[in-house]
Amino acid sequence: NRTQKAFTLKYISINPESTEVVLHFQLYYRYRTGWRIFLINFKDNYCDYVTKGNPKATAMNLLIPTLNKYSNVKLTCPYVGPFSITNMPANGEMFNYPFVPVGKYYLNVTMTYVEELMFSTQFYFIIPEGRSIENDGLGR
């Protein structure tokens, strides 16, 4: 709707030995000349993060607690069966703290299993002038 943007994902995992799941995070900033990578461009092994924990996996540390709030199950690896994320806000709630300046952004998240694409999604958002990512009540 006009006041909130939300993300919903539904899929069924059927591969019981999917331990080579990699998430690639890229944050783009809109400059006058076009979109460019800004601050975040790295890959994290999802299974290593879920089973062993990794304090250096910055994007996973920010995103997984939010995913757990809006998903139907606790994330494990390997995971088999139905999985869904329902109405996860695509705004500042995706992050635990503000770290980006005013402007237009999109976050590209790609999930692969042994180099094969599982899904790719983009979150577009704006940090408006005079507002921070924390207090933007418009769902941007």
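**Close-up views of a predicted model**

Of the 140 residues of the protein, 42% count as buried in this predicted model.

**Figure 1. Overall arrangement of the helices and strands in the predicted model.** The secondary structure of the protein consists of two helices and six strands, and, read from the N terminus, these elements follow the order β-β-β-α-α-β-β-β. When contacts between residues at least 6 apart in sequence are considered, 58% of them join residues at least 24 apart.

**Figure 2. The largest pocket and its lining, with a volume of about 420 Å³.** Among the 28 residues that line this pocket, those closest to its centre are Tyr11, Leu23, Phe83, Met111 and Phe119. The elements that each supply at least two residues of the lining include the strands β1 (6-13), β2 (21-31) and β4 (81-89), as well as β5 (103-113), β6 (116-127) and the helix α2 (58-70). By residue class, the lining divides into 23 nonpolar and five polar residues, with no charged residue in the set.

**Figure 3. Surroundings of Val21, a residue of strand β2.** Val21 has a relative accessible area of 4%, under the 20% limit, and therefore counts as buried. Leaving aside residues up to four places away in sequence, Val21 touches Asp44, Asn45, Tyr46 and Cys47, and it also touches Met111, Thr112, Tyr113 and Met118. The view also takes in Glu115, which is 94 residues from Val21 in sequence, although the two C-alpha atoms are 8.7 Å apart in space.

**Figure 4. The aromatic pair of Trp35 and Tyr106, from a structure in which a search finds nine aromatic pairs.** The ring centres of Trp35 and Tyr106 are 5.0 Å apart and the ring planes meet at 75°, which is over the 60 degrees required, so the pair is edge-to-face. This pair links distant parts of the chain, since Trp35 lies in strand β3 (residues 34-45) and Tyr106 in strand β5, with their positions 71 residues apart in sequence. The two partners fall into separate accessibility classes: Trp35, at 34% relative accessibility, counts as partly exposed, whereas Tyr106, at 14%, counts as buried. Trp35 and Tyr106 also belong, together with Tyr28 and Tyr124, to one aromatic cluster.

**Figure 5. Arg36 placed over the face of Tyr31.** In this view of a charged side chain and an aromatic ring, Arg36 lies at 4.9 Å from the centre of the Tyr31 ring.

**Figure 6. Positive phi values at Leu39 and Asn87.** Most residues other than glycine have a negative phi. Leu39, whose place is in strand β3, has a phi near 70°, a positive value in a residue other than glycine. At 58% relative accessibility, which is over the 50% limit, Leu39 therefore counts as exposed. Asn87, found in strand β4, likewise has a positive phi, in this case near 50°. With a relative accessible area of 46%, which lies between the limits of 20% and 50%, Asn87 is therefore classed as partly exposed.

Note on methods. Residues numbered from 1 in each chain as written. Predicted model: local features only at pLDDT ≥ 70, side-chain atom pairs only at ≥ 80, totals over all residues. Heavy atoms only, no water. 1 Å grid on protein atoms, 1.4 Å probe; cavity = no way out; pocket = protein on both sides within 12 Å on 5 of 7 lines; lining within 4 Å. Points joined across faces, edges and corners; volume = space filled by probe spheres on them. Helix = DSSP H or I, 4+ residues; strand = E, 2+ residues; numbered from the N terminus. Nonpolar A, V, L, I, M, F, W, Y, C, P; charged D, E, K, R; others polar. Buried < 20%, exposed > 50% of the residue type's maximum accessible area, 1.4 Å probe, protein only. Contact = heavy atoms within 4.5 Å. Phe/Tyr/Trp six-rings, centres within 6.5 Å; stacked < 30°, edge-to-face > 60°. Lys NZ or Arg CZ within 6 Å of the ring centre and 35° of its normal.
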